[in-house]
Amino acid sequence: MLTKGGSHLGYQTHYVVDGGKARIILGVLVAPLEVSENKPMLDLLWRARFRWKLLPRQATGDSKYGTEENIVAIESQHIRAYIPLPDNDHRTEFFSAQEFKYDAERDIYICPAGKELHFVQGQSTERSRRYRAYAKDCNHCLLKSRCTTGKQGRSLCRSVDEEYLDRVRAYHKTEAYKKAYRKRSVWVEPLFGEGKQWHGMRRFRLRLLWRVNCEALMIAAGQNLKRLLNKRGWGRRPCPTEAVSLSFWLLLGDVLVVFRRSGLFPRRCTQITQCSSRNAIPFY
Ligand code: SF4
């Protein structure tokens with residue numbers, strides 16, 4: 001990937017994470033850095049959905065995932081796409097498309113000055129429809145300096161999937177969207193921090209894409225196991241002192257066997273089962 005400092009080689013790790021408190025990682029994919037982030041999203045989502053038989057109500061991602069293709073695919077599966085859309089409307093000082101009202105019944109736009117923009121067949125493509133105001137309206141308009149510099153009248157494009165995009169824009173004002181997005185930054189993003197800080201994800205040990213994918217899977221499985229053990233408890237873990245003590249007694253047993261075989265074994269001994277002398281049990 002080309003960056004300001006030159007070309008940069010590396011990988012991008014994608015996680016699909018369950019939205020519950022446990023933050024279970026449902027899917028992992030490592031892609032080369034030159035593969036843009038939005039590309040693997042749908043494959044990962046469908047795999048997690050069918051592999052784990054899930055019926056997600058919503059999918060959350062950052063603005064890099066917010067392409068029209070992703071939004072349409074997710075929304076058409078009745079999953080709410082809680083994904084920010086790139087703001088392409090405010091790249092110039094002119095009126096943005098949001099300031100034009102769409103009249104679905106008449107299939108026209110109404111501009112801020114109240115004039116109509118009509119569909120133009122010849123300038124439309126398969127995926128977008130162009131609407132244009134009459135030149136005579138624009139050329140005599142007082143708002144023209146804020147709208148267009150062209151002499152043919154202001155035009156704007158409408159995607160054929162604009163309905164889905166409008167629906168996603170409407171989510172952005174809801175509390176559910178804001179909560180999901182906050183949750184993502186607090187619960188999901190730290191998983192990458194954890195992976196980098198504690199599990200070697202900052203620099204993979206292996207080379208080649210498939211090996212790196214195996215390594216990322218192992219790291220994610222480890223992260224999931226940590227959460228599972230956190231939930232169920234770690235069970236009994238011998239502390240180092242106990243381990244040393246156990247190996248001492250095993251070694252002592254071997255030594256005693258050697259002593260017995262060599263005839264040096266004493267006829268009477270005392271086994272101390274605990275450290276307290278009160279529990280000393282003499283045996284012969
Ligand atoms: S320039 Fe044309 S499209 Fe823009 S506000 Fe005026 S009449 Fe409407």
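Five strands line up as an open sheet in the order β7-β8-β9-β10-β11, with antiparallel pairing; strands here are DSSP runs of E with at least two residues, helices are runs of H or I with at least four residues, and both are numbered from the N terminus. Two strands pair if DSSP finds at least two bridges between them. The edges belong to β7 (101-103) and β11 (155-159), each of which pairs on one side only. From one strand to the next, the twist averages 35°, taken between N-to-C directions of lines fitted to C-alpha atoms, on a scale from 0 to 180 degrees. This is a predicted model, where local features need pLDDT of at least 70 and side-chain atom pairs count only at pLDDT 80 or more, while totals for chains, interfaces and linings use all residues. Residues are numbered from 1 along each chain as its sequence is written.

At one edge of the sheet, β7 meets β8 (residues 108-110) in the antiparallel sense over three bridges. Here Lys-101 sits opposite Ile-110 of β8.

Then there is helix α5 (residues 175-198): at 1.5 Å a residue its 24 residues should span 34 Å, and its end C-alpha atoms are indeed 34 Å apart, so the two agree. The expected span is 1.5 Å times one less than the number of residues. Still, α5 bends by about 35° at Arg-184, the bend being the angle between axes fitted to the seven residues ending there and the seven starting there. After α5 comes Gly-200, with a positive phi near 75°.

As for the ligand, 13 residues surround it, and the closest are Cys-111, Cys-138, Cys-141, Cys-147 and Arg-154 (C-beta atom, placed from the backbone, within 6 Å).
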